[in-house]
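I opened this notebook to keep track of what I looked up, entry by entry. Each entry takes one topic and records what I found there.

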Amino acid sequence: MEPIALSAALASFTDQWSPRIVTTVNDYDVRVAKVEGEHLWHTHDHTDEFFLVLDGELHIALRESAGSGERTVVLPKGSVFTVPRGTEHKPYAPVPSEILVLEPTGTLTVGDQHGEIPAHVDATTGHTLN
Ligand code: NI
């Protein structure tokens, strides 16, 4: 194992909403992704999902419980947020942004429940770095 510069990892690809796995911690992947525009509403039934904004800004719309409506959390660069398991959410980046996500290895980017997957969203458990 060698140290990995996140800047170099992020410079090695251009795909949006298509995370790369930079390392693992026990049973978890540390993934980085470039994001812009809308992801899609989805739910991870069995795991929380941790976000760190490395650059830009990430908004995450949340539907936390039946009848409570929606709210959106705004994460400027340097912010962290954890989406609890079972919470429907939709990330959105108003500007080109870079995020780090921590979640169990094998977790699908589009969750266990989701609507139609738009063409610009990669449904993946993460790609290895080249
Ligand atoms: Ni998610």
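**Charges over rings**

I began with cation and ring geometry, and found the charged end of R63 over the ring of W41, 3.6 Å from its centre. I counted a charge as sitting over a ring if NZ of Lys or CZ of Arg is within 6 Å of the ring centre and within 35 degrees of the ring normal. R20 also turned up, lying over the face of F13 at 4.3 Å from the ring centre.

I then searched the whole structure for aromatic pairs, and the search returned 0; the criterion was that rings of Phe, Tyr and Trp (its six-membered ring) have centres within 6.5 Å.

**Provenance**

I note that this is a predicted model, in which local features need pLDDT of at least 70 and side-chain atom pairs count only at pLDDT 80 or more, while totals for chains, interfaces and linings use all residues. Residues are numbered from 1 along each chain as its sequence is written, and side-chain values use heavy atoms, with hydrogens and water left out.

**The nickel site**

Which protein atoms are the donors of the nickel ion? I listed H42 (NE2), H44 (NE2), E49 (OE) and H89 (NE2), lying 2.0 to 2.2 Å from the ion. Donors here are N, O and S atoms within 2.8 Å of the metal (3.2 Å for Na, K and Ca), and water is not among the atoms, so sites may look incomplete.

Along the chain the donors follow the spacing H-x1-H-x4-E-x39-H. The pair H44 and H89 links distant parts of the chain, 45 residues apart, with H44 in the loop between β3 (42–43) and β4 (49–55) and H89 in strand β8 (residues 88–104). Strands are DSSP runs of E of at least two residues and helices are runs of H or I of at least four, numbered from the N terminus.

Why is the arrangement irregular? The 4 donor atoms subtend angles of 84 to 171 degrees around the nickel ion, which makes it so. Four donors count as tetrahedral if all angles lie between 85 and 135 degrees; four count as square planar and six as octahedral if opposite donors are over 155 degrees apart and all others between 65 and 115, and anything else is irregular.

I also checked accessibility at two of the donors: H44 is buried, with a relative accessible area of 3%, and H89 is buried at 0%. Buried means under 20% relative accessible area, exposed over 50%, and partly exposed in between (1.4 Å probe, protein chains only).

**Nonpolar cores**

The largest nonpolar core has 15 residues, and V35, F51, L58, I60, L75, F81 and I99 are those with the most contacts inside it. I took a nonpolar core to be a set of buried Ala, Val, Leu, Ile, Met, Phe, Trp, Tyr and Cys residues joined through side-chain atoms within 4.5 Å. The elements giving two or more residues to this core are β2, β4, β5 (57–63), β6 (71–76), β7 (80–83) and β8.

A second, separate core of 7 residues includes L10, F13, V30 and L100; F13 is also the ring under R20.

Looking at F81 in detail, and leaving aside its neighbours within four places in sequence, I found contacts (heavy atoms within 4.5 Å) with E49, F50, F51, I60, L62, V73 and L75. E49 in that list is also a donor of the nickel ion.

**Positive phi outside glycine**

Two residues drew my attention for their backbone. W17, in the loop between α1 (6–11) and β1 (20–25), has a positive phi near 50 degrees although it is not a glycine. N26, in the loop between β1 and β2, likewise is not a glycine and has a positive phi of about 50 degrees.

Which of the terms buried, partly exposed and exposed applies to W17, and which to N26? W17 counts as buried because its relative accessibility is 5%, whereas N26 counts as exposed because its value is 75%.

**Around E57 and H59**

E36, found in strand β2 (residues 28–38), is partly exposed at 38% relative accessibility. Beyond its neighbours within four places in sequence, E36 is in contact with Q16, W17, A93, V95 and P96. The C-alpha atoms of E36 and E57 are separated by 9.4 Å, at 21 residues apart along the chain.

V74 lies in strand β6 and is partly exposed, at 46%. With neighbours up to four places away left aside, V74 is in contact with E57, L58 and H59, and its C-alpha atom is separated by 4.5 Å from that of H59. P94, placed in strand β8, touches E57 and H59 under the exclusion of residues up to four places away in sequence.

Definitions and conventions:
Contact means heavy atoms within 4.5 Å. Rings of Phe, Tyr and Trp (its six-membered ring) pair if their centres lie within 6.5 Å; planes under 30 degrees apart count as stacked, over 60 as edge-to-face and the rest as tilted.
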